[in-house]
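Trainee: Please take me through one part of this model in detail, the open sheet and what packs on it. I would like a connected account.

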Amino acid sequence: HSWPVCHNHEISIFTNQAREGPIGDRLRAIFARPIEVVGKEPAFRLDFVPLSKFGVHRFVKLQIVAVDMSERDALARRTRDWLNDRDGGLLDRKEPFKLFVQDLWASGQTTLFLVAWSRQDLQNLMGEDQAERLYRELEESAARGLTKTLFALGESKEISAELARDYGWTLRLVPGFFASADAQNQVVKLNADEPVRLILVGWKDQPIPLDPREWEPWRGEILFRMNDGDFIEPSRTSVFTTEFQGRPALKWEGVWQNEKYVIGGPFRAYAFNHGPRAYCLIGQVYAPGNPKVNTLRQLEGLFATFEVLE
């Protein structure tokens, strides 16, 4: 397999429907939604690509194939070829389906197939009841794919080994990160510059119920103490239930601020239990005047490498 190309916030779209019609509108509504990063940025940038240019876009990191098979056109034929032995017989049933395929043409690549046998059924696959799940699944697939490409230019293996030895958990880090710890309060801070990225990992030696009210005081304490007064802006932050590495989890997405230094930026955080411990992972970005979604997604890729040593 080749290495994928393009940034992790760009999606190449292949469809046999009009880009300005209902299908194109639904794709934009789901995947190019504005997200809060101190201001708004599109979650992904969509590039609608004609099949004639497939060769140029074959190896991009993120792809969506949205196809009405009843058209029996070139894209429908190619879709059948691409999914040969990968669809588990879904094509033969001729029922609408979605399918995520990893590493189809490049390592670390995610391709989402949305396949139906009528325009309406294709649109229904992206209906309001499916939109949030589709978006989250693509985000998670993109993060998993990043773990195969983030470290192509190197890795800070020494820090990862120290974390494993000293605390019983670890995660992989790209070059440029430095570590500091508050061992008494069981928190580790990992930070890197250009752009500024912070990862905070806290743990307690007992599980915590997965209720935001049970976690938010501790999460707030970690931020305030480790980052000299950082706090979460509740009105610009949302929390929801999800999974982290197959375990039930809470996830926060929103904005952190610091009144002392008059700065702020976007953050992501996860809370989950693993065995006898509770873990809180917080990722922050500070990049004033620069795009932030791409960097946030890189932090998600690093989070995906988190490992508790049994």
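Mentor: In this predicted model, V65 stands opposite F113 in β7. The strands concerned are β5, residues 62-68, and β7, residues 110-116, which run parallel and are joined by seven bridges. Both belong to an open sheet of five strands, ordered β4-β1-β5-β7-β6, in which the pairing is mixed. β4 (45-48) and β6 (97-102) are the edge strands, each pairing on one side only. From one strand to the next the twist averages 20°.

Two helices can be placed against this sheet. Helix α1, residues 22-31, lies across β1 (10-15), β4, β5 and β7, and runs at about 155° to β4. Helix α6, residues 128-146, packs on the sheet and touches β1, β5, β6 and β7, its direction making about 10° with that of β6.

Helix α6 also takes part in a salt bridge: E132 pairs with R33, the closest N and O atoms being 3.1 Å apart. This pair links distant parts of the chain, since E132 is in helix α6 while R33 sits in the loop between α1 and β2 (34-36), 99 residues apart. R33 counts as buried because its relative accessible area of 18% is under 20%. E132, with a relative accessible area of 38%, is partly exposed. The two residues belong to a network of salt bridges that also links R136, K251, E253, R268 and E300.

In β2, E36 forms a salt bridge with K40, with 3.7 Å between the closest N and O atoms. E36 is buried at 18% relative accessibility, whereas K40 is exposed at 58%. The count of salt bridges comes to 24.

Conventions
Residues are numbered from 1 along each chain as its sequence is written. This is a predicted model: local features need pLDDT of at least 70, side-chain atom pairs count only at pLDDT 80 or more; totals for chains, interfaces and linings use all residues. Side-chain values use heavy atoms; hydrogens and water are left out. Two strands pair if DSSP finds at least two bridges between them. Helices (H or I, at least four residues) and strands (E, at least two) are DSSP runs, numbered from the N terminus. Axes are lines fitted to C-alpha atoms, for helices over the stretch in contact, and angles run from 0 to 180 degrees between N-to-C directions. Contact means heavy atoms within 4.5 Å. A salt bridge is a side-chain nitrogen of Lys or Arg within 4 Å of a carboxyl oxygen of Asp or Glu. Buried means under 20% relative accessible area, exposed over 50%, partly exposed in between (1.4 Å probe, protein chains only).
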